[in-house]
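Work through the exercises below with the structure open beside you. Try each task before reading its solution.

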Amino acid sequence: MTTAKRQLHLGAFLQGVGHHLAAWRHPDVVPSGAVRIEHFKNLARIAEAAKFDAVFIADNLGLAPVPPEIQTKAALAHYFDPLLLLSALAGETQRIGLVATVSSTYLPPYHLARKFATLDQISGGRSGWNLVTSGTDFEAHNFGLDQQLTHATRYERAREYVDVVKGLWNSWEDEPYLFDKAGARFFDPAKLHRVAHQGKHFAVHGALQTERPVQGYPVLVQAGSSDDGQDLAAATAELVFTAQQTVEEARAFYSSLKGRLAQHGRSPDALKVLPGISPVIGRSEQEAQEKYEQLQSLIDPAVGLGLLSAFLGGFDFSRYPLDGPLPELPQTEGWQSRQELFVALARRDQLSIRQLYERIASARGHLTVVGTPQSIADQMEHWFTTGAADGFNVLAPTFPHGLSDFAELVIPELQRRGLFRTEYTGRTLREHLGLPRPAHPAQPKSSSQNGRQPSTAKREQLSII
Ligand SMILES: Cc1cc2nc3c(=O)[nH]c(=O)nc-3n(C[C@H](O)[C@H](O)[C@H](O)COP(=O)(O)O)c2cc1C
């Protein structure tokens, strides 16, 4: 018996008109795309044609409090609401997964469960929820708080939050509707299970008015990499996004995270790890390098420093020379793993403050690779086959060209190597990722198609009665 070759999973991380800090000023980029739905529809179509597992939309819940003269020079000021954006993209696409960030810190779990159940229904089982806990005070200020909750508290709440949300997704067993006109029974009451949750952070007593998601649960994604973040992921996540700079660091993270799964009775395969990669692609090494330098030359120093500071809890660099070393930084209640990554990068490569913001301008600490399709595929293959990654979240430096270059040049190279699908074989995001559909706790596996989603035929039959 032959077993299928393990293949990469790829996410297309869509953000504005590119992940590079200066993308919007690039001559090939139309900056108004950042605020136009047509732009995102176009990107989703490109990603689907290239057979990406999913598109991913990130989110923040506020504008960073950088001085206005810097803010006007940066393009990250605009975010559509990710769930509404994905609802629109669901109608534009048929197969690609749709993953959105929603913070567990600021939205009551009932709202989140219902919105994702709806997105999963309207997309035919393609949704994924990237649970983040948020990491800044400026977001807290939009929700009646003077400062954000501590890192530990946010993660503790997140753990309980996931339990509540899963309970709500299980409000209904699969196929609860009878639509029995003659018997006057719209649904089978035995298939309704109300949540009775009284916990430390949340109290929820009720049920969703939305059918169980097509996938059972939307795919659970997590993007924190600190110790607390890894513990949360090991307990709950099925897909993990992470920023890693070197293959050694990525391997250490991969084995640390996968090593925690057994404590939760989970197999290493139950969770896929996708580090970020930002590819600058040329038909020759020289062309790629020129493309990279062109983008780098557009970085405004004030914006670069603002980006660095924003990630470091608003650290004030004004007392330090830009060409001097990175000072000692206090640990913050913000994005701890990213802060550690920046410090490690600066120390390892002996970077000045200026060199550090220049390095992170391309993808905020995600790996940047500059090269030909072959050399980029070589690096991806190396990470994939040596225990550093199950795939990658692709952060194109510019949109749409950075994404279409990846689709037209790198993906065929990966396909030639047998490392990436040439056609979708599944319909749901879970199927693309090779993840099982969670059975309803009250439905033994045998009565819910061995944990697979209810058959399309049955669903169609129900909808036309
Ligand atoms: C690919 C990727 C995407 C992320 N997207 C978001 C996001 O949309 N919103 C957000 O607040 N944080 C986002 N984060 C940040 C994480 O949620 C987390 O706060 C950060 O990685 C620090 O994690 P830690 O505090 O566990 O170290 C993202 C992280 C990664 C690696």
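**Exercise 1. Into which domains is the chain divided?**

Keep in mind throughout that this is a predicted model. The chain is divided into domain 1, which covers 9–298 + 367–464, and domain 2, which covers 300–360. The next step is to place them relative to each other: taken over C-alpha atoms, the centres of domain 1 and domain 2 are separated by 27 Å. The contact between them takes 18 residues from domain 1 and 16 residues from domain 2. On the side of domain 1 that touches domain 2, the residues are 6 nonpolar, 11 polar and 1 charged.

**Exercise 2. Find the shell around the ligand, and work out where the ligand lies with respect to the domains.**

Begin with the shell itself, in which 24 residues surround the ligand, the closest being Ala 58, Gly 224, Ser 226, Gly 229 and Ser 337. Two or more residues each come from strand S3 (97–103), helix H7 (227–236), strand S10 (239–242) and helix H11 (336–348). Of the elements, H11 gives the most to this shell, with 3 residues. Sorted by class, the shell has 6 nonpolar, 15 polar and 3 charged residues. Finally, domain 1 and domain 2 both give residues to the shell, so the ligand lies between them.

**Exercise 3. Describe how helix H1 packs with helix H14, and decide which term fits their arrangement.**

Helix H1 (residues 37–49) and helix H14 (residues 401–416) pack at an angle of about 15°, and their axes are 10 Å apart. Angles under 35 degrees count as roughly parallel, and H1 and H14 are therefore roughly parallel to each other. Their crossing is left-handed. On the H1 side, the contact is made by Leu 43, Ile 46, Ala 47 and Ala 49, while H14 brings Leu 403, Ser 404 and Ala 407. Counting by class, the contact has 6 nonpolar residues, 1 polar residue and no charged residues.

**Exercise 4. Carry out the analysis again for helix H4 and helix H6.**

Here the packing angle between helix H4 (residues 109–122) and helix H6 (residues 151–169) is about 50°, with the axes 9 Å apart. That angle makes H4 oblique to H6. The handedness comes next, and H4 passes H6 in a right-handed crossing. Where the two helices meet, Pro 109, Tyr 110, Leu 112, Ala 113 and Ala 117 in H4 face Tyr 161, Val 164, Val 165, Leu 168 and Trp 169 in H6. The residues of this contact divide into 10 nonpolar, no polar and no charged.

Note on methods
Residues numbered from 1 in each chain as written. Predicted model: local features only at pLDDT ≥ 70, side-chain atom pairs only at ≥ 80, totals over all residues. Axes fitted to C-alpha atoms, helices over the stretch in contact; angles between N-to-C directions. Helix = DSSP H or I, 4+ residues; strand = E, 2+ residues; numbered from the N terminus. Parallel < 35°, antiparallel > 145°, perpendicular 65-115°, else oblique. Left-handed = near helix turned anticlockwise from the far one by under 90°. Contact = placed C-beta atoms within 7 Å. Nonpolar A, V, L, I, M, F, W, Y, C, P; charged D, E, K, R; others polar. Near = placed C-beta within 6 Å. Domains from an automatic or database assignment.
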